[in-house]
Amino acid sequence: MNPNKTNIQSYCTIENNEIVLNGTSVFKIEPTNFGDFSKQAYRNFDLQYPKFFKMDALSKLAFLGAELLLSPITSDEKENNIALVLANKSSSLDTDVKYQESISDKENYFPSPAVFVYTLPNICLGEISIRHQLKSENSFFIFDAFNTEFMSNYSTILLNTNKADRVLCGWVEFFNDDYKAFLCTISKEESTKYNNETINTLYNK
């Protein structure tokens, strides 16, 4: 066994009103907006986390994917050394636009602290970390498109330098109700299920 080799353990894709977990559709509804879709998904999986409804759309998107991948492998009894490495194209622009609208009219000026707090894309990492009690490395990158080679290499470095026991990495893009999330967990543990798969092939499935 190559001690420096890393393996994909599980993955999740969210787009077009459907959630696919490890290649199997686990939730799908008729076309609707993301707000309605995320609410129905939350109830379907019985998440029991009321703060979810206060999050912006990008955080909800990342949270849903992370929830399905991390809940089976995290524990309240021990430290979960899981690094988070996410990226997208639009940063927090969807929320930025909403916040700008709240302050652009001098006659109707109502800046919202609840919206302002989400005007950074890495806030979704904080939401995931709070939920799963993570105190590990986390980074959020902005690319024109999902740079699978960079994300894979970065995750591998974290694992091989013992900065993390496992990495949740992926793409969470949201703007104007157009969205896609692809998240996967990577570790040094052997995995025959995705032995011949790469982040790139799974992302494009």
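Where is Q133 found? Q133 sits in the loop between helix 5 and strand 5. Helices (H or I, at least four residues) and strands (E, at least two) are DSSP runs, numbered from the N terminus.

This is a predicted model, in which local features need pLDDT of at least 70, side-chain atom pairs count only at pLDDT 80 or more, and totals for chains, interfaces and linings use all residues. Residues are numbered from 1 along each chain as its sequence is written, and side-chain values use heavy atoms, with hydrogens and water left out.

## The sheet

Seven strands make an open sheet. Their order is 3-2-1-7-6-4-5, and the pairing is mixed. Two strands pair if DSSP finds at least two bridges between them. Strands of a sheet pair through backbone hydrogen bonds, either parallel or antiparallel.

Strand 3 (24-28) and strand 5 (138-142) stand at the edges. Each has a single partner strand, so one side of each is left without a neighbour in the sheet. From one strand to the next, the twist averages 15°. Angles run from 0 to 180 degrees between N-to-C directions, and axes are lines fitted to C-alpha atoms, for helices over the stretch in contact.

Strand 1 (residues 7-15) runs antiparallel to strand 2 (residues 18-21), and four bridges join them. The two strands form a hairpin with two residues between them. Strand 1 also pairs with strand 7 (residues 178-187), in the antiparallel sense, over seven bridges. Three residues of bridge or facing pairs are listed here.

| Residue | Stands opposite or bridges to | Strand of the partner |
|---|---|---|
| C12 | L21 | strand 2 |
| T13 | V20 | strand 2 |
| I14 | A181 | strand 7 |

Strand 1 is mostly covered: eight of its nine residues are buried. Buried means under 20% relative accessible area, exposed over 50%, and partly exposed in between (1.4 Å probe, protein chains only).

Helix 5 (residues 123-132) lies across strand 4 (82-88) and strand 5. It runs at about 150° to strand 4.

## Cysteines

How many disulfides are there? The count comes to zero. A disulfide is a pair of cysteine sulfur atoms within 2.5 Å. For C12, the closest cysteine sulfur is in C184, 11 Å away, which is too far for a bond. C124 is in no disulfide either, and its nearest cysteine sulfur, that of C169, is 13 Å away. C12 is buried, with a relative accessible area of 1%. C124 is buried as well, at 0% relative accessibility.

## Positive phi values

Most residues other than glycine have a negative phi, and most peptide bonds are trans. Some residues here depart from that habit of phi. Q133 is not a glycine, yet its phi is positive, about 55°. Q133 is partly exposed, with a relative accessible area of 47%. D46 has a positive phi near 50° and is likewise a residue other than glycine. D46 lies in the loop between helix 1 (34-44) and helix 2 (57-70). In the turn of the hairpin of strand 1 and strand 2, N16 has a positive phi of about 50°.

## The largest pocket

Rolling a probe the size of a water molecule over the atoms shows where empty space is left. A pocket is an open set of points on a 1 Å grid over the protein atoms alone, where a 1.4 Å probe fits, with protein on both sides within 12 Å along at least five of seven lines; lining residues have an atom within 4 Å of a point. Grid points are joined across faces, edges and corners, and a volume is the space filled by probe spheres set on the points.

The largest pocket has a volume of about 190 Å³. Its lining holds 14 residues. I8, S152, E197, T198 and I199 lie nearest its centre. Strand 1, helix 6 (148-160) and helix 7 (199-203) each supply at least two lining residues. Helix 6 gives the largest share, three residues.

## Two helix residues

Contact means heavy atoms within 4.5 Å. T156 is found in helix 6. T156 counts as buried, at 19% relative accessibility. Not counting residues up to four places away in sequence, T156 touches N4 and T6.

L202 has its place in helix 7. L202 is buried, at 1% relative accessibility. With residues up to four places away in sequence not counted, L202 touches I8, Y11, F182, Y194 and E197. L202 and T161 are 41 residues apart along the chain, and their C-alpha atoms are separated by 25 Å.
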